[in-house]
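Me: I'd like to go through this model and ask what stands behind the labels. Can you take me through the pockets, the sheet and the ligand?

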Amino acid sequence: MNQHMRPQAVPFIDLVAQRRRLGGAVDDAVARVLAHCQFINGPEVLELEAALAGFCGARHVVTCASGTDALIMVLMAKGVGRGDAVFCPSFTFCATGEAVALTGATPVFVDVDEVTFNIDAASLKRGIATARRLGLKPRGVIPVDLFGQSADHDAVAAIADAEGLFVLDDAAQSFGASYKGRRLGGMGLITATSFFPAKPLGCFGDGGAIFTDDAEFAQVLRSIRVHGQGSDKYDNVRLGLTGRLDTVQAAVLIEKLKIFEDEILARNRIAGRYAQGLGNVVTVPRVANGNISVWAQYTIRLPSGTDRDRFAGALKAKGIPTAIYYPKSMHQQTAYKDFPVVDGGLPASERLSSDVISLPMHAYLDEPTQERIIAAVRGFFSA
Ligand SMILES: Cc1ncc(COP(=O)(O)O)c(C=O)c1O
C-alpha cells in the first residue's frame, strides 16, 4: 500500500495522551525524589498509601513491587503450602494461579460466568468438592475482577464463609471499580492490585498494593515485604521478599491518582458509546447491577463462526489494534495443564478463550477515533 494511504494507527492504550494531560506534575514529582534521594521507603510511599486508603476506603494499604507480589505476599501471610487448595477462575491472567503454585499450594481451576467473565459461584462449589475428592485441603479462593468489573463478591463470600475459606480478591485490573456502592479494596476483603502501566491506575514501571481492614495482617505483610523483618531489623522472623514499591513509582502514582476519578468517568462514557455503536453486531460486555467498571479492557465476543484472526486482520488493515485476553485459559496453558480442574470441566472459559477480542480502550479515546473503530467493526460484519 502507498505510504500516504496508510490509515493513521490508533493506540490500544494511549499513555502519551495521559502524559500530555498531566503536564509537568509527574516530572516535578519525580524530580523531588531525585533531589531527596530516598529511593527506597521515601516519604512518597507513605503518602501514596494514605491517598489510596482515602480513595477506596481501606483501613490499611501496603504498597509493593507488583500485582504478582501482592498476591504472593498475601498467600505467604496466610501460610498456604503443600496439600492446600486455592480456587482460581481459569479465565484470568496467569499471575492469579502462578502465585498459588509458587507457594507450593495447588491452584484448582474453576469456571467463570460467560456474561461477566468472572468466577461462577456454582463452579466454585463444585471445585471445593473436587479438591476434597483429590485429598486437598480447601483453604482459599481468589475471585478475579476481570477487565475492570467486580466479581460477585456476595456469592463468593457466602460459599467462603460456609466452607471456612479465606478470600483474596485479585483486583489487579480493577482498582477504582465499585461493587454495590463500595470501591474494591474498601470492602473489608483482602485485595491485591497492580499498577502495571497499562492498568487503569498505572505507574511508570511495576507496582502493586494490598488493601486490608486487619491491622495485624497489614503488619505481617509489611514484614514479608522486607524479607520477613521483625522489630529488630536484623532478626528476620519469617520468610519474605524484596517486595517494596520504589519511591519514584509512588511519586508518579500520587499525581495520577489525582485525575483517576475523572478518568473512570471518561472510561465509562467511552464504554457507553461502544455499547451503543456495537451492541447489535457483537456481544458487548455487560456490567452487573450495582457494579461500576473501570474498563481495563473493552472485550467483545464475536458471533459464532466468525474467523477471529480475519476480524483482527481487517481492523489492523484500518490502523486499529486489537488484543486477545486470553487465547488460552490457565488450565489450557503448558505450565498449568497438570493442575486440577473442577469436575465437569470449564466450558465457559474455553468458549470465551475462543471468541473474545478486546478493542482499544483508555480515558483519552476521542469520539472521531472511536467512530472509526465502530465503523471498522460494523464494516467487517456488513461486508
Ligand atoms: C488478573 C491479574 N492478576 C495479577 C496480575 C499481576 O500484576 P503484575 O503484572 O503487576 O505483577 C495481573 C497483571 O496483568 C492481572 O491482570
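Me: What volume does the second largest pocket have?

Reply: About 190 Å³. Keep in mind that this is a predicted model.

Me: Which residues are closest to the centre of the second largest pocket?

Reply: Thr116, Ile119, Ala151, Asp152 and Ala288, out of 16 that line the second largest pocket. By class, that lining has seven nonpolar, five polar and four charged residues.

Me: And what is the volume of the largest pocket?

Reply: About 440 Å³. Of the 25 residues lining the largest pocket, Phe93, Gln173, Ser194, Phe196 and Lys199 are the closest to its centre.

Me: What makes a residue of the largest pocket's lining count as nonpolar, polar or charged?

Reply: Residue type decides: Phe counts as nonpolar, Lys as charged, and Ser and Gln fall among the others, which are polar. Sorted that way, the lining of the largest pocket has 13 nonpolar, nine polar and three charged residues.

Me: Which helix gives the most to the lining of the largest pocket?

Reply: H4, with three residues. Helix H4 (67-78) and helix H5 (95-102) each supply at least two.

Me: Now the sheet. Why are S7 and S10 said to stand at the edges?

Reply: The order is S7-S6-S10, an open sheet of three strands with antiparallel pairing. Strand S7 (182-183) and strand S10 (291-292) each have a single partner strand, so one side of each has no neighbour in the sheet.

Me: How do you know that S6 and S10 pair?

Reply: Two strands pair if there are at least two bridges between them. Strand S6 (residues 178-179) and S10 have two bridges, in the antiparallel sense, so they qualify as a pair. Tyr179 stands opposite Asn291 in S10.

Me: On to the ligand. Which residues come nearest to the ligand?

Reply: Gly67, Thr68, Asp170, Ser194 and Lys199, of the 15 residues around the ligand.

Me: What makes the Ser194 pair a polar contact?

Reply: The cut-off is 3.5 Å between N or O atoms. An N or O atom in the Ser194 side chain is 2.7 Å from an oxygen atom of the ligand, so the pair is a polar contact. The Gln173 pair passes too: a polar side-chain atom of Gln173 is 2.8 Å from a ligand oxygen atom. With Gly67, a polar backbone atom lies 2.8 Å from an oxygen atom of the ligand.

Me: How much of the ligand does the protein bury?

Reply: Taken alone, the ligand exposes 390 Å², and the protein buries 92% of that.

Notes. Residues are numbered from 1 along each chain as its sequence is written. This is a predicted model: local features need pLDDT of at least 70, side-chain atom pairs count only at pLDDT 80 or more; totals for chains, interfaces and linings use all residues. Side-chain values use heavy atoms; hydrogens and water are left out. On a 1 Å grid over the protein atoms alone, a cavity is a set of points where a 1.4 Å probe fits but cannot get out, and a pocket is an open set with protein on both sides within 12 Å along at least five of seven lines; lining residues have an atom within 4 Å of a point. Grid points are joined across faces, edges and corners, and a volume is the space filled by probe spheres set on the points. Helices (H or I, at least four residues) and strands (E, at least two) are DSSP runs, numbered from the N terminus. A residue is near a molecule or strand if one of its heavy atoms lies within 4 Å of it. A polar contact is a pair of N or O atoms within 3.5 Å; within protein, one must be able to donate a hydrogen and the other to accept it, and residues adjacent in sequence count only if both atoms are side-chain atoms. Accessible areas come from the Shrake-Rupley method with a 1.4 Å probe; for residues, only the protein chains shown count as cover.
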